[in-house]
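Visitor: Could you walk me through this one? I have not looked at it before, so please take it topic by topic.

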Amino acid sequence: MKRTPLFDCHRTAGAKLVDFAGWEMPIQYSGVLDEYHAVRAKAGLFDVSHMGRIAVTGEGALKFLQQVTTNDVVKLSLMQAHYSMVCNYQGGIKDDIFVYHLKPNGYLLCVNASNQEKLLTWLCEHVQGVSGCAVMDQSAILAQVALQGPASRDVLSRMGVPGIASLKLRHCIETNLVGNLCLIARTGYTGELGYELYVPADRAADLWESLLDHGRPVGLKPAGLGARDLLRLEMAYLLYGNDIGEDTTPLEAGVEWAVSFQKGDFIGRKALLEQKEAGLIRRFVAFELLEKGVPRHGFKITKPGTSRELIGEVTSGNLSPLLQKGIGLGYVPPAFAQPGSSIVVDIRGKAMQAVVVKPPFYKR
């Protein structure tokens with residue numbers, strides 16, 4: 001298994017380590033629920049260096065990204081980021097990504113760990129013939145951590161980060177931390193105030209320890225992938241491999257807002273327009289159980305009533321610590337996709353009543 005530059009920090013802290021997309025990663029330290037509550041109430045620190053980081057640079061970078069991503073890169077100002085998709089020619093999602101505009105001709109893509117090699121290959125294949133554009137994998141030389149929670153801004157203020165109080169959502173700044181230039185972006189995967197920090201890999205451990213030292217007085221704790229999954233589920237954020245994949249389109253997944261048909265042609269546009277005109281046959285929904293139970297990935301969704309007709313499948317699910325009820329995500333036909341619609345989740349042979357709700361489950 002691969003290891004991030006912070007592996008020794010996790011082992012020293014007594015983290016429980018698991019295989020995640022080929023990476024040996026911390027699933028928890030003090031406990032999933034303890035870390036979850038730390039992020040919701042105070043702050044948590046996550047190692048997300050397993051994610052892929054790909055630089056796209058040169059005079060042709062903007063043109064190239066307009067072709068291979070769904071969102072309109074022209075609208076990104078300097079030091080601004082947005083959520084986007086990379087689609088195949090059939091409109092299926094190869095990955096959901098963040099695009100950071102860091103220099104006039106320089107962009108950084110943050111991609112999912114499970115897709116890093118696949119996406120790098122795809123981009124390198126399609127950059128051929130695009131003049132003035134280079135694609136470079138920076139995953140090994142850059143580390144990435146996520147500082148999330150209501151006290152996260154206070155932690156960075158204690159470290160003397162200038163301008164952190166006025167940094168807007170999905171905007172970035174560069175500053176010196178632990179002796180190196182550090183990119184700080186106001187982004188995250190938890191629904192809380194939070195930041196993601198990028199530093200050279202050989203300074204990652206220094207940054208990690210410095211953040212913990214400055215954050216302990218305000219309740220900062222290291223947090224693992226278990227808490228991260230609970231936090232993102234309560235926000236109904238998509239998880240690649242569970243909620244989306246190459247057999248799913250952005251329209252089906254409910255993220256048409258990240259697709260700009262107006263910007264011109266891009267890979268997958270024709271297929272997505274055809275799907276939009278024909279009408280969707282399934283939609284992504286959030287639901288809450290009305291009975292005591294926990295929905296899980298792969299569980300079947302059926303019509304209410306006695307017929308038990310199969311209409312969909314749970315893609316993500318768990319017990320919400322906040323709501324103290326089972327919550328989940330999945331795909332159903334449009335007739336069952338409106339908030340308030342009744343559905344049934346088959347939990348190990350037992351029909352559990354559920355209701356479709358408007359996401360997110362958690363509202364700060």
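Visitor: Where does the charged end of Arg 3 sit?

Guide: The charged end of Arg 3 lies over the ring of Phe 7, 3.9 Å from the ring's centre, where a charge sits over a ring if NZ of Lys or CZ of Arg is within 6 Å of the ring centre and within 35 degrees of the ring normal. This is a predicted model, in which local features need pLDDT of at least 70 and side-chain atom pairs count only at pLDDT 80 or more, while totals for chains, interfaces and linings use all residues. Residues are numbered from 1 along each chain as its sequence is written, and side-chain values use heavy atoms, with hydrogens and water left out.

Visitor: And which ring does the charged end of Arg 40 sit over?

Guide: That is the ring of Tyr 362, with the charged end of Arg 40 3.7 Å from its centre.

Visitor: How many aromatic pairs are there?

Guide: The count comes to 8 aromatic pairs, taking rings of Phe, Tyr and Trp (its six-membered ring) as paired if their centres lie within 6.5 Å, with planes under 30 degrees apart called stacked, over 60 edge-to-face and the rest tilted. The rings of Tyr 100 and Tyr 198 are edge-to-face, because their centres are 5.7 Å apart and their planes stand at 75°. This pair links distant parts of the chain, as Tyr 100 is in strand 6 (residues 93-103) and Tyr 198 in strand 12 (residues 194-200), 98 residues apart; helices (H or I, at least four residues) and strands (E, at least two) are DSSP runs, numbered from the N terminus.

Visitor: Is Tyr 100 buried or exposed?

Guide: Tyr 100 is buried, at 0% relative accessibility, and Tyr 198 is buried too, at 2%. Buried means under 20% relative accessible area, exposed over 50%, and partly exposed in between (1.4 Å probe, protein chains only). Tyr 83, Phe 98, Tyr 100, Tyr 198 and Trp 257 form one aromatic cluster.

Visitor: Different topic: how many disulfides?

Guide: The count is 0 disulfides, a disulfide being a pair of cysteine sulfur atoms within 2.5 Å.

Visitor: Why is there no bond for Cys 9?

Guide: The closest cysteine sulfur to that of Cys 9 belongs to Cys 182 and is 15 Å away, so it is too far for a bond. Cys 133 is in no disulfide either, with the nearest cysteine sulfur, that of Cys 124, 9.9 Å away.

Visitor: What about unusual backbone angles?

Guide: Most residues other than glycine have a negative phi, and most peptide bonds are trans. Ala 236, in the loop between helix 7 (225-234) and helix 8 (269-278), has a positive phi near 60°, and this residue is buried at 15% relative accessibility. Arg 308, in the loop between strand 15 (300-302) and strand 16 (310-320), has a positive phi of about 55°, and Arg 308 is partly exposed, with a relative accessible area of 34%.

Visitor: Which residues does a cis peptide bond join?

Guide: A cis peptide bond joins Pro 359 and Pro 360, with omega about 0°, and Pro 360 is in the segment after strand 19 (350-357).

Visitor: One last thing: how do the residues lining the second largest pocket divide?

Guide: They divide into 12 nonpolar, 3 polar and 2 charged, where Ala, Val, Leu, Ile, Met, Phe, Trp, Tyr, Cys and Pro count as nonpolar, Asp, Glu, Lys and Arg as charged, and the others, Gly among them, as polar. A pocket, on a 1 Å grid over the protein atoms alone, is an open set of points where a 1.4 Å probe fits, with protein on both sides within 12 Å along at least five of seven lines, and lining residues have an atom within 4 Å of a point.
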